[in-house]
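Please open the structure in your viewer and keep the sequence panel visible beside it. The tour below proceeds by selections, each followed by a short account of what is found there.

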Amino acid sequence: MGKKVTVVGAGFYGSTTAQRLAEYDVFDTVVITDIVEGKPAGLALDLNQSRAIEGFETKVVGVTTGPNGEGYEQIEGSDVVVITAGLPRKPGMSRMDLLETNAKIVRQVAENVAKYAPNAVVIVVSNPLDEMTALAQLATQFPKNRVLGQAGMLDTARFSNFVAEALNVPVASVRTLTLGSHGDTMVPVPSKSTVNGKPLRDAMPAEQIEELVVKTRNGGAEVVALLKTGSAYYAPSAAAARMAKAVAEDSGDVMPVCAWVDGEYGISGVYLGVEAEIGAEGVKRVVETDLDADERASLLAAAEAVRAKQGDISSM
């Protein structure tokens, strides 16, 4: 049986994710779905015609889905489903402004995933991220380890990029970490961040680190404000695709993701941005890392902020 991955939503985020997954050449099939008639089929045709140039064999299939679940039978047998469906932010909007609109969309998608791909690992990228991940788990009724969200990978990549640019060093020489929520209670972790293996705090003053922390927290909004007609998709799709690849290869890679936390850091019963070991069953385990007192307090505060909002999800 070959590996199969489905990307739900054929906007910029979904189509770029599908392209990355196809070019990895680790799946037999990438399915891309959308409610816009013909759009996913057109994208699939275009992507398949790039195979001879880019040298990959993965077959891309485009499927139009209907309001009553029409078309979803084509996702049957998917090992991974990436849910990108939902409205993107517009300038001036917070991620939370999308809550009610995207909750309806994500619930419907998740119910169809449960029906047609009951063994899949689900990676949620729709905003507001932490809440939509919790909703997808409720709607699928999948074990919590098989539903996770993409946020920490992206926020960490943004943090690393900002540090590299500020210090004018190769981005590969920078290691950073971002935990907490994908939003106002994001927790960048300077104590675990290094440049060429040396602590970030030795490379730049505390005030500058704090500036970059704030810049990271506002990273998505900055892109939205500049684009004016949508939100980021190159970096987010890279993060989601890497997570899907780790599942397909059962790699055990440790990545910052939105995962169900049950006792780690003294936090229980909430989806939150933490480091986790990723494999064929989704989250193999949450990896606790040593945090300083301020970072730990910020993570606990993030957990409570997210918990309050996730409590409203079940009625949506």
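How do the residues of the lining of the largest cavity divide into nonpolar, polar and charged? The answer is four nonpolar, six polar and two charged. Please bear in mind throughout that this is a predicted model.

**First selection: the cavity**

Select Asp130, Ala151, Gly152, Asp155, Thr178, Leu179, Gly180, Ser181, His182, Met186, Cys258 and Gly273, which line the largest cavity. Two elements, H6 and strand E8 (178-180), each give two or more residues to this lining. The largest share, three residues, comes from E8. The volume of this cavity is about 40 Å³, and the structure holds one cavity of 30 Å³ or more.

**Second selection: the largest pocket**

Turn next to the largest pocket, which holds about 870 Å³ of space. Its lining comprises 44 residues; select Thr84, Ala85, Gly86, Leu87 and Pro88, which lie nearest its centre. Then colour helix H1 (12-24), strand E2 (29-34), helix H4 (99-116), helix H6 (152-167) and helix H9 (219-227), the elements that give two or more residues to the lining of this pocket. H4 gives the most, with four residues. By residue type, the lining of the largest pocket divides into 21 nonpolar, 18 polar and five charged.

**Third selection: Thr84**

Remain at the pocket and select Thr84 alone. This residue is placed in the loop between strand E4 (80-83) and H4. Is Thr84 buried or exposed? Thr84 counts as buried because its relative accessibility is 12%, and the cut-off for buried is under 20%. Display the side chain of Thr84: it reaches the backbone oxygen of Val8 at 2.8 Å, and the backbone oxygen of Gly9 at 3.3 Å. Leaving aside residues up to four places away in sequence, Thr84 touches Val7, Val8, Gly9, Tyr13, Gly14, Val125 and Ser126.

**Fourth selection: strand E4 and its partners**

Step back along the chain to E4. Val80 and Val82 point one way from this strand, Val81 and Ile83 point the other way, and all are buried. Now add strand E1 (residues 4-8), which pairs with E4 in the parallel sense over four bridges. Within that pairing, Ile83 in E4 is the bridge partner of Val8. Add also strand E5 (residues 121-124), which pairs with E4 in the parallel sense over four bridges. Here Val80 stands opposite Val121 in E5.

**Fifth selection: an antiparallel sheet**

Strands of a sheet pair through backbone hydrogen bonds, either parallel or antiparallel. For the antiparallel case, select the three strands that form an open sheet in the order E7-E10-E11. Strand E7 (174-175) and strand E11 (198-199) stand at the edges with a single partner strand each, so one side of each has no neighbour in the sheet. E7 and strand E10 (residues 194-195) pair over two bridges in the antiparallel sense. Look there for Val174, which stands opposite Val195 in E10.

**Final selection: Ala114**

Finish with Ala114, found in helix H4. With a relative accessible area of 22%, Ala114 is partly exposed. How far apart are the C-alpha atoms of Ala114 and Ala139? They are separated by 8.0 Å, although the two residues lie 25 residues apart along the chain. Beyond residues up to four places away in sequence, Ala114 touches Thr140 and Phe142.

Definitions and conventions. Residues numbered from 1 in each chain as written. Predicted model: local features only at pLDDT ≥ 70, side-chain atom pairs only at ≥ 80, totals over all residues. Heavy atoms only, no water. 1 Å grid on protein atoms, 1.4 Å probe; cavity = no way out; pocket = protein on both sides within 12 Å on 5 of 7 lines; lining within 4 Å. Points joined across faces, edges and corners; volume = space filled by probe spheres on them. Nonpolar A, V, L, I, M, F, W, Y, C, P; charged D, E, K, R; others polar. Buried < 20%, exposed > 50% of the residue type's maximum accessible area, 1.4 Å probe, protein only. Polar contact = N/O pair within 3.5 Å; in protein donor to acceptor, adjacent residues only side chain to side chain. Contact = heavy atoms within 4.5 Å. Pairing = 2+ DSSP bridges.
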